[in-house]
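Welcome, and take a moment to look over the sequence and the model before reading on. We will go through one chain first and then turn to its partner.

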Amino acid sequence: MGGSRVYKIKKLKTGGKIKGSPGNSSNFLNAVESGIQNQILSQAVGALISYSTPLNTLVCTLKMVKLAYEMYSKGKEAYDSSGGDENEAIKAAAGVVIEKAVDKLKSEAIRIAVSSAIGEQKMDINDTAKTIIVDSISGVIEGALT
Amino acid sequence: MKEKSIKEFVIEIYSLLIEENIDSWLKSEEAIVRSKLNPQEFLSLKIKIKSLSAEIAGEFADAVIKEGFPEKEISPQKEKKILNEIMSKYMEKIKNESTN
């Protein structure tokens with residue numbers, strides 16, 4: 001059979017016979033419908049491969065999965081050791097991230113404070129120089145505190 | 001509380017994300033997709049998407065665990081390569097099914 005699938009559907013809808021039709025027209029329609037779904041599906045997967053979907057959440061997700069599993073593991077540990085306390089499980093699970101967030105916040109807090117202090121000095125320096133100074137000073141402070 | 005393996009985590013999360021991404025692509029192509037499928041066919045397509053997402057996620061999980069995940073870190077480039085290889089394989093498979 002020649003021609004595109006779209007052409008074949010049009011022919012069936014307007015009546016008439018397609019030469020070389022494989023037989024029962026409803027089976028043929030089912031096959032064509034399934035073919036269209038597969039075409040759409042393969043285009044969708046193609047879009048995913050090129051990461052061109054509007055959502056695009058498949059980049060670097062494995063790290064998040066690992067974190068999710070850590071949270072679950074801590075939560076389950078707390079659940080089992082507390083005799084089935086869901087609140088303890090949730091606290092323990094959230095604590096995995098909060099500890100990491102507190103660590104991140106600590107260094108950010110120092111950076112923000114140093115940056116603000118430099119701002120108050122009203123030093124006539126460009127942004128790159130400012131970043132270098134903030135990084136250096138923050139690094140020294142953090143090193144002394146931890 | 002149910003015991004879950006890291007593999008199950010990978011499959012569940014990736015399955016959801018793949019499905020979400022395909023759904024979001026479908027929304028962006030809604031006019032064309034709706035013109036080719038009636039509501040029943042569209043529903044049937046959604047079911048196929050769910051099943052396909054789970055299959056891709058399952059193979060991806062096997063592949064990354066074989067690479068040593070979670071003990072070994074998988075770089076974002078490697079992650080993308082593995083996922084793309086699996087999705088390309090499925091894309092070819094679906095294309096072949098639609099032309100047979």
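**A walk through chain A and its contact with chain B**

Of the 146 residues in chain A, 27% are buried. Keep in mind as you look that this is a predicted model. Chain A has 5 helices and 0 strands, so reading along its sequence gives the pattern α-α-α-α-α, with helices counted as DSSP runs of at least four residues. Among the contacts in chain A that link residues at least 6 apart in sequence, 31% join residues at least 24 apart.

Let us pause at one of these helices, H3(A), which covers residues 61–81. How far apart should the ends of its 21 residues be? At 1.5 Å a residue the expected span is 30 Å, and because the end C-alpha atoms are 30 Å apart, the model agrees with that expectation. Several residues of H3(A) are buried, among them Thr61(A), Leu62(A), Val65(A) and Leu67(A). Further along H3(A), the buried residues include Tyr72(A), Gly75(A), Lys76(A), Ala78(A) and Tyr79(A). As background, residues three or four places apart in an α-helix point the same way, because there are 3.6 residues a turn. Just after H3(A) comes Gly83(A), with a positive phi of about 70 degrees.

Now let us bring in the second chain. Chain A and chain B bury about 4000 Å² between them, and 72% of this area lies on carbon and sulfur atoms. Which three residues of chain A supply more of its buried area against chain B than any other three? They are Gln37(A), Leu41(A) and Leu62(A), which together give 17%. Leu62(A) is a residue you have already met, as one of the buried residues of H3(A). In total, the contact takes 39 residues from chain A and 48 residues from chain B.

What about polar links across the interface? There are 10 residue pairs in polar contact between chain A and chain B, counting pairs with both residues at pLDDT 80 or more. The count of salt bridges between the two chains is 1. Glu3(B) forms a salt bridge with Lys76(A), and their closest N and O atoms are 3.4 Å apart. Lys76(A) is also among the buried residues of H3(A).

Finally, look at the side of chain A that touches chain B. Helix H1 (5–13), helix H2 (25–49) and H3 of chain A are the elements that each give two or more residues to this side. The largest share, 17 residues, comes from H2(A). By class, this side has 22 nonpolar, 12 polar and 5 charged residues.

Note on methods:
Residues numbered from 1 in each chain as written. Chains lettered and ligands numbered in written order. Predicted model: local features only at pLDDT ≥ 70, side-chain atom pairs only at ≥ 80, totals over all residues. Heavy atoms only, no water. Expected span 1.5 Å × (residues − 1). Buried < 20%, exposed > 50% of the residue type's maximum accessible area, 1.4 Å probe, protein only. Contact = heavy atoms within 4.5 Å. Buried area = accessible area lost by both parts, 1.4 Å probe. Salt bridge = Lys/Arg side-chain N within 4 Å of Asp/Glu carboxyl O. Polar contact = N/O pair within 3.5 Å; in protein donor to acceptor, adjacent residues only side chain to side chain. Nonpolar A, V, L, I, M, F, W, Y, C, P; charged D, E, K, R; others polar.
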